[in-house]
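This report covers pockets and sheet architecture. The sequence and structure come next.

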Amino acid sequence: MPTRFQAAIFDVDGVLVDSPHQKAWRESLRELMEGQWSDIRGQTTWSPGAFTPHVYQEKMSGKPRMSGAWAAIEFFKVPDAGARAGQYAARKQAMVVRLIEAGDFTAYPDALRFIIAVKDAGIRAAAASSSKNAKLFLRQIRLDTFAREHGISSPSLRPGLTLLDFFDADVSGRDFAHGKPHPEMFLTAAHELGAAPETAIVMEDAAAGVEAAKAGGMAAIGIARAHDEDLLSAAGADIVVTALDEVDLAALSDGQLATKG
């Protein structure tokens, strides 16, 4: 018989929220290339249209801030990477905070429905994002308001409940020794939920995150919001969906991963 899932671990950017991280990475690099770094622009492979969603998903998504900056700089062959990565990361961080505070993001309704169902099934939940901005998102999302607007009734909900409040643990933004695809973050989340790795399931939209889950001995659902099903399957996801509404909740309650129909 399959082991019943005891822990559900959620990445934040791209899983729970449509975040402005990709926009901030793209636009902050454009500002640098058209401004302070214009003198070295011709030595790079960057152009305004070269920073595509595929580049973000394959090279940067799911990584800590400095790792993401290094990945982009190396991909676009920017010279003096050591001197420029910190500058790029700092500019991106300032921009993403401005975008978040301006409300330039949305929560995915399928993800909110899924996490409510998971908690109602008696599975404890944790947020686990490399982003130090995750709490800024989570505390702005009102689950009670969402449930009322979508006709959802749940014993897990109470007035004033934010998504941050809803989690049983949150390890987002911590300074771990190893970033994804190392499993340290997810193993820590499972430990803080009191669950063995083999009883944990991870929801991820990035290949590096799926690889981290599998390296930690956990199940993984890949969420292909960027039409990157092949990338997530190649990383080892147990199932790949385009929205969490496609997950068979009855099978999940029995410790199995399957899609509806």
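What volume does the largest pocket have? The largest pocket has a volume of about 410 Å³, and about 260 Å³ of space lies in the second largest. This is a predicted model, in which local features need pLDDT of at least 70, side-chain atom pairs count only at pLDDT 80 or more, and totals for chains, interfaces and linings use all residues. Residues are numbered from 1 along each chain as its sequence is written, and side-chain values use heavy atoms, without hydrogens and water.

A pocket is an open set of points on a 1 Å grid over the protein atoms alone, where a 1.4 Å probe fits, with protein on both sides within 12 Å along at least five of seven lines; lining residues have an atom within 4 Å of a point. A volume is the space filled by probe spheres set on the points, which are joined across faces, edges and corners.

| Pocket | Volume | Lining |
|---|---|---|
| Largest | about 410 Å³ | 27 residues |
| Second largest | about 260 Å³ | 19 residues |

Lys 63, Pro 64, Arg 65, Ser 130 and Ser 131 lie nearest the centre of the largest pocket. For the second largest pocket, the residues nearest the centre are Asp 18, Gln 22, Tyr 56, Gln 57 and Tyr 108.

An open sheet of 6 strands runs in the order S5-S4-S1-S6-S7-S8 with parallel pairing; strands are DSSP runs (E, at least two residues) numbered from the N terminus, and two pair if DSSP finds at least two bridges between them. Strands S5 (169-170) and S8 (239-241) stand at the edges with a single partner strand each, so one side of each has no neighbour in the sheet.

Conventions
Helices (H or I, at least four residues) and strands (E, at least two) are DSSP runs, numbered from the N terminus.
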